[in-house]
Each structure stands twice: as C-alpha cells, then as structure tokens.
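Here are my notes on this one, set out as numbered points. Have the structure open next to you while you read.

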Amino acid sequence: MDTNAWWYINSRWVHPQEATISINDVAVLRGYSVFEALRTYNRRPFHLDAHLTRLYRSAELIDLPVTFDRDFLSQKVREAIERNSYTDASVRMLVTGGISEDGVLPAGEPGLAIMVTPLAARDMQRFAQGLKLITTRLQRTTPEAKTSNYTSAIRALKAAAQRGASDALYVNEHDHVLESTRGNFFVLRGTTLITPQKEVLHGITRETVLALARGVFTIEERAILLSELSEVDEAFITSSSREITPVIQIDDQSIGNGQPGPHTYELEQRFIEMIDKQDW
Ligand SMILES: Cc1ncc(COP(=O)(O)O)c(C=O)c1O
C-alpha cells in the first residue's frame with residue numbers, strides 16, 4: 001500500500017491509512033453498495049464516461065439514490081488522477097448506501113470513495129501462457145449491476161486456487177457459461193467470435209473488444225452452452241485491469257490445442273495498438 005497516495009473519502013482527501021467509513025454504513029452491514037473500477041493509460045482514464053453511465057445504472061438497478069451528479073464525479077476522478085503520480089493506475093469509485101439507524105435501511109446520504117492504486121506494466125507472460133479456469137454453478141443476482149458483493153467470487157477464487165486454476169467461470173441452471181468472477185467470457189469457433197449478452201455484467205472491455213472485432217470476425221452475442229466448450233477453438237476473458245487474457249483449459253477440458261490461439265493474439269495486438277496510439 002502506498003501510504004503517500006491520495007484518496008477521496010466522503011468529501012475529504014486522505015491517505016489510504018486514514019481512509020475509513022462508518023461501521024454503520026449499510027455497505028459494511030449489509031453489502032449495499034455499487035462500484036466501478038476503471039484504469040488509466042499514461043494518466044488518461046479509459047472510457048470514464050462509460051464507467052460513469054454503468055455506475056449510475058448499477059445504483060438505479062439496486063434502488064440506491066446517488067446524490068452527486070456525473071460532472072462532480074467525473075471531476076473528482078480527474079482530480080484523483082492528478083493528485084497521484086502513477087502513470088498507469090486503477091481508479092475505484094465506490095458508492096455506499098450510507099449510514100443506517102436501524103441496521104438495514106439507509107437513513108442519510110450515500111457515501112463516496114475514490115481510491116487510486118498503481119498498476120504494473122502489462123504482463124506479457126500471462127498473454128503467452130493463458131489461464132486455467134474452473135466452472136462453478138452460479139447466477140449472479142441483478143447481474144448487470146456492479147455491486148460490491150463479491151462473496152461468491154471470493155469463494156469461487158478460493159475453490160479455483162485449490163484446484164490449481166486461476167479463476168472461475170459462472171455457469172447458470174440452464175448450463176449457460178456466463179462470465180468469470182471479474183471478467184467477460186468469449187470463445188472463437190473458426191472466425192466466429194461468441195460472447196454471452198444476457199445475465200452478465202456489460203464490461204467496458206467487452207464493448208471495446210467487440211468494436212475491435214467488427215468487420216474482422218463474425219460476431220454472435222448469444223448464450224454459450226457448457227457442452228459447446230469441447231467444440232470451441234479459442235477462449236479468452238476480458239476486464240479493465242487485465243485487458244484480454246487467453247484461456248487454455250476449463251475444468252479438465254483443453255481449449256483448442258491447449259495454447260493461446262491466433263485470433264485471440266490478433267485481438268490482443270489490435271487492443272495494444274489502440275492503447276499505444278491513444279485511439280479511444
Ligand atoms: C462480474 C464481472 N464481469 C465482467 C467484468 C468486466 O468488466 P470491465 O471490462 O468493465 O472491467 C467485471 C469487472 O470487474 C466483473 O466483475
């Protein structure tokens with residue numbers, strides 16, 4: 001933890017070790033809060049507008065009234081980036097339900113935290129090696145809302161680690177493969193790129209990758225059946241912090257030939273080029 005970092009917590013700029021919220025905040029008591037995690041490249045926030053739109057949408061989906069407006073939040077995020085010296089950083093915006101009198105219902109204003117942490121350079125090893133994933137039975141409630149309740153994700157990550165895997169994919173009761181604990185899921189069958197559209201968080205990276213793929217690959221936004229995994233040639237997951245990461249194994253099933261695939265590599269190259277040219 002960088003003790004010199006500046007974070008914005010409920011109207012004050014403080015260092016992380018002084019950053020506290022009340023024990024009576026329903027975020028702590030009942031897990032009632034929403035958040036966003038965006039990243040900067042070379043001190044420029046990546047798709048801040050899309051993250052703000054999703055933050056307000058998440059809050060609306062769980063009936064959490066946000067009393068600060070978009071311009072205020074946008075300005076605070078930019079100020080947070082300015083106040084910290086990191087070239088590449090993760091910026092987390094957390095909106096909590098606020099303090100409760102009865103331990104359940106929020107009684108006052110929502111809380112706001114903006115936390116900035118440095119990000120290491122892109123890990124090319126991860127691109128080259130790919131990930132092993134496990135599947136886990138779960139359908140997130142209100143999947144389009146980015147709430148802070150990651151209890152299932154934490155349990156799934158622990159289960160994955162026990163089985164020598166790095167992450168888990170959620171599979172619902174209809175045998176649809178949905179998303180990973182913190183990323184969207186894509187597969188390729190030949191030159192057809194497929195990703196679920198329903199029952200998942202609509203990732204900002206997912207949108208970016210679909211835009212990069214248009215005109216190059218055929219795109220299908222549809223459910224992916226668990227049984228279809230034996231027929232796919234490539235798979236990858238996307239997220240703000242880890243961009244595109246190839247998947248080489250799911251449970252005991254190798255994906256394609258068990259190596260990161262050429263089309264995934266092509267999309268990664270397009271992604272990196274877009275970032276390097278600041279073309280977003
Ligand atoms: C459940 C889930 N799905 C997908 C994503 C990917 O979203 P994004 O690309 O906006 O980071 C995340 C990121 O946190 C997530 O938690």
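1. Start with N184, which sits in strand β10. Keep in mind that this is a predicted model. Is N184 buried or exposed? Its relative accessible area is 5%, and the cut-off for buried is under 20%, so N184 counts as buried. As for a partner, a polar atom of the N184 side chain is 2.9 Å from the backbone oxygen of L201.

2. Strand β10 (183–189) also turns up around the ligand, giving at least two residues to the shell. The other elements that do this are β9 (176–180), α6 (204–213) and β14 (234–239). By residue type, the shell breaks down into 9 polar, 5 charged and 3 nonpolar.

3. Which residues come nearest to the ligand? Out of 17 around it, they are K146, Y150, E179, T205 and S240. For three of these there is a polar distance to look at. K146 has a polar side-chain atom 2.4 Å from a ligand oxygen. For T205, a side-chain N or O atom is 2.6 Å from an oxygen of the ligand, and for S240 the corresponding distance to a ligand oxygen is 2.7 Å. How much of the ligand does the protein bury? The ligand taken alone exposes 390 Å², and 95% of that is buried by the protein.

4. Helix α6 deserves its own look. Of its 10 residues, 8 are buried, so to speak of it as mostly covered is fair. The buried ones are I204, T205, R206, T208, V209, L210, L212 and A213. T205 from that list is also one of the residues that come nearest to the ligand. Just past the end of α6, check G215, where phi is positive at about 85 degrees.

5. Now for the largest nonpolar core, which has 37 residues. The members that touch the most others are L73, V77, V91, M93, V95, L112 and I114. Elements giving two or more residues to this core include the helices α2 (48–61) and α3 (70–83), along with strands such as β3 (33–41) and β6 (111–118). Strand β5 (89–96) is on that list too, and β5 supplies the largest share, 5 residues.

6. Where does this core lie relative to the domains? Residues come from both domain 1 (7–118) and domain 2 (124–276), so the core lies between the two.

How values were computed: Residues numbered from 1 in each chain as written. Predicted model: local features only at pLDDT ≥ 70, side-chain atom pairs only at ≥ 80, totals over all residues. Heavy atoms only, no water. Near = heavy atom within 4 Å. Polar contact = N/O pair within 3.5 Å; in protein donor to acceptor, adjacent residues only side chain to side chain. Areas by Shrake-Rupley, 256 points an atom, 1.4 Å probe, with all protein chains shown as cover. Helix = DSSP H or I, 4+ residues; strand = E, 2+ residues; numbered from the N terminus. Nonpolar A, V, L, I, M, F, W, Y, C, P; charged D, E, K, R; others polar. Core = buried A, V, L, I, M, F, W, Y, C linked by side-chain atoms within 4.5 Å. Buried < 20%, exposed > 50% of the residue type's maximum accessible area, 1.4 Å probe, protein only. Domains from an automatic or database assignment.
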